[in-house]
Amino acid sequence: MIGIVTSAGESLAPVIEKVAILEATSDDLVNMLSGEGNLLASFPNREHGLAIGGTITSFWYGIAIGLLLAGIIAFQLIKVS
């Protein structure tokens, strides 16, 4: 069975609307990954919120991992002495 896509007798408006929604969502995902731009579901003037939030999260993860490694090294030094 072979199918042919045509616009004869059918309106492509619903398909074009769905494609527009998908394009907006894909642009939103790209903006989310880059940390720039205004997201679809965000409030106005919060373009750099993801970058700031990511920086703060990375800072706290860095402190936690650094303290864990420093603790392991300190306990190994105490054990050896």
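Let's start with Asp 28, which sits in helix H1, the stretch covering residues 13–34. Keep in mind as you look around that this is a predicted model. Is Asp 28 buried or exposed? Its relative accessibility is 15%, and since the cut-off for buried is under 20%, Asp 28 counts as buried. What does Asp 28 touch, once you set aside its neighbours within four places in sequence? The answer is Asn 38, Leu 39 and Leu 40.

Leu 39 comes up again if you look at another residue of helix H1, Ala 24. Ala 24 and Leu 39 are 15 residues apart along the chain, and their C-alpha atoms are separated by 9.7 Å. As for its surroundings, Ala 24 has a relative accessibility of 29%, so it counts as partly exposed.

Now step back to the chain as a whole. How many helices and strands does the chain have? There are two helices and zero strands. The chain has 81 residues, and 4% of them count as buried. Asp 28, where we began, is one that counts as buried. About 7300 Å² of the chain is exposed, and 71% of that comes from carbon and sulfur atoms.

On to helix H2, which takes in residues 49–80. Ile 56 is a handy place to land, as it lies in this helix. With 45% relative accessibility, Ile 56 falls into the partly exposed class, because that class covers values between 20% and 50%. Ile 56 also belongs to a nonpolar patch on the surface, together with Ile 52, Phe 59, Trp 60, Ile 63 and Leu 67. Taken together, the residues of this patch have about 640 Å² of accessible area.

Two members of that patch deserve another look: Phe 59 and Trp 60. How many aromatic pairs does the count come to? Just one aromatic pair turns up, and Phe 59 and Trp 60 are the partners. Their centres are 5.3 Å apart, with 75 degrees between the planes. Planes over 60 degrees apart count as edge-to-face, which is why the pair gets that label.

How accessible are the two partners? Phe 59 has 49% relative accessibility and so counts as partly exposed. Trp 60 comes in at 53%, so it counts as exposed. The cut-off for exposed is over 50%, which means that these two partners end up in separate classes, with Phe 59 at 49% and Trp 60 at 53%.

Key: Residues numbered from 1 in each chain as written. Predicted model: local features only at pLDDT ≥ 70, side-chain atom pairs only at ≥ 80, totals over all residues. Heavy atoms only, no water. Helix = DSSP H or I, 4+ residues; strand = E, 2+ residues; numbered from the N terminus. Buried < 20%, exposed > 50% of the residue type's maximum accessible area, 1.4 Å probe, protein only. Areas by Shrake-Rupley, 256 points an atom, 1.4 Å probe, with all protein chains shown as cover. Phe/Tyr/Trp six-rings, centres within 6.5 Å; stacked < 30°, edge-to-face > 60°. Contact = heavy atoms within 4.5 Å. Patch = residues over 30% accessible without salt bridge, like charges linked within 9 Å, V, L, I, M, F, W, Y side chains within 5 Å. Salt bridge = Lys/Arg side-chain N within 4 Å of Asp/Glu carboxyl O.
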